[in-house]
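Visitor: I have not looked at this one before. Can you walk me through it?
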Amino acid sequence: MATGAAKTDTLLGERYRRLVKRMPKKEALAALQRSILVIIFHLLSDPTATFNDLGADFYTRRIDHKRRTDHLVRQLEALGHHVNLTPAA
């Protein structure tokens, strides 16, 4: 089930793609299996619960762009670069 979910354009598919960047494929699949089991548990334990997929862009919508920009600028300055940012057109 996790292998199939990993290939979809859903939150679970995006979660797998994020996990596989930093761990072996088998461990990422095991983590995805656990996520699926947690979803199933909550759906079975509460009869009124419904599953609403948050979408593949869930993680990108949560990014605070100013905080991320500040972090990247600090990283570049720590490497010895001078950074001047201008907004993109």
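**A walk through the model**

Guide: Start with His65, which is exposed, with a relative accessible area of 57%. Keep in mind that this is a predicted model.

Visitor: Which helix is His65 in?

Guide: His65 lies in helix H5. That helix covers residues 65-78.

Visitor: What span should H5 have, and what does it have?

Guide: H5 has 14 residues, so at 1.5 Å a residue it should span 20 Å. Its end C-alpha atoms are 20 Å apart, which agrees.

Visitor: What comes just after H5?

Guide: Gly80 comes just after H5, and it takes a positive phi of about 95°.

Visitor: Back to His65. How far is its C-alpha atom from that of Met23?

Guide: The two C-alpha atoms are separated by 26 Å, and the residues are 42 apart along the chain.

Visitor: Now H3. What about its span?

Guide: H3 runs over residues 25-45, which is 21 residues, so the expected span at 1.5 Å a residue is 30 Å. The C-alpha atoms at its ends are 30 Å apart, in agreement with that.

Visitor: Which residues of H3 are buried?

Guide: Ala28, Leu32, Ser35 and Ile36 are buried in H3. They cover an arc of only 95° around the axis, so they sit on the same side of the helix.

Visitor: Why would residues spread along a helix point the same way?

Guide: An α-helix has 3.6 residues a turn, so residues three or four places apart point the same way.

Visitor: And what is on the other side of H3?

Guide: Lys26, Arg34, Leu37, Phe41 and Leu44 are there, and they are exposed.

Visitor: What do the buried residues of H3 pack against?

Guide: They pack against helix H1 (2-6) and helix H2 (11-20).

Visitor: Ser35 was on the buried list. What is its relative accessible area?

Guide: The value for Ser35 is 14%, and under 20% counts as buried. Leaving aside neighbours within four places in sequence, Ser35 is in contact with Leu12 and Arg15.

Visitor: Which residues of H2 are buried?

Guide: Those are Leu11, Leu12, Gly13, Tyr16 and Leu19. What covers them includes H1, H3 and H4.

Visitor: Which residues make up the largest nonpolar core?

Guide: That core has nine residues: Ala2, Ala5, Ala6, Leu12, Tyr16, Leu19, Ala28, Leu32 and Ile36. The elements that give two or more residues to it are H1, H2 and H3.

Visitor: What does Tyr16 touch?

Guide: Not counting residues up to four places away in sequence, Tyr16 touches Ala6, Lys25, Ala28, Leu29 and Leu32.

Visitor: Different topic. How many aromatic pairs does the structure hold?

Guide: It holds one aromatic pair. The rings are those of Phe58 and Tyr59, with centres 5.4 Å apart and planes at 70°, so the pair is edge-to-face.

Visitor: Is Tyr59 buried or exposed?

Guide: Tyr59 is buried, with a relative accessible area of 19%. Arg18 lies over the face of Tyr59, at 4.1 Å from the ring centre.

Visitor: Last one: where does Leu54 lie?

Guide: Leu54 is in the loop between H3 and helix H4 (58-61). It is partly exposed, with a relative accessible area of 41%.

Visitor: What is Leu54 in contact with?

Guide: Setting aside neighbours within four places in sequence, Leu54 is in contact with Leu11 and Arg61. The C-alpha atoms of Leu54 and Leu79 are separated by 37 Å, with their positions 25 residues apart along the chain taken as the separation.

Definitions and conventions. Residues numbered from 1 in each chain as written. Predicted model: local features only at pLDDT ≥ 70, side-chain atom pairs only at ≥ 80, totals over all residues. Heavy atoms only, no water. Helix = DSSP H or I, 4+ residues; strand = E, 2+ residues; numbered from the N terminus. Expected span 1.5 Å × (residues − 1). Buried < 20%, exposed > 50% of the residue type's maximum accessible area, 1.4 Å probe, protein only. Arc of directions from axis to C-beta. Contact = heavy atoms within 4.5 Å. Phe/Tyr/Trp six-rings, centres within 6.5 Å; stacked < 30°, edge-to-face > 60°. Lys NZ or Arg CZ within 6 Å of the ring centre and 35° of its normal. Core = buried A, V, L, I, M, F, W, Y, C linked by side-chain atoms within 4.5 Å.
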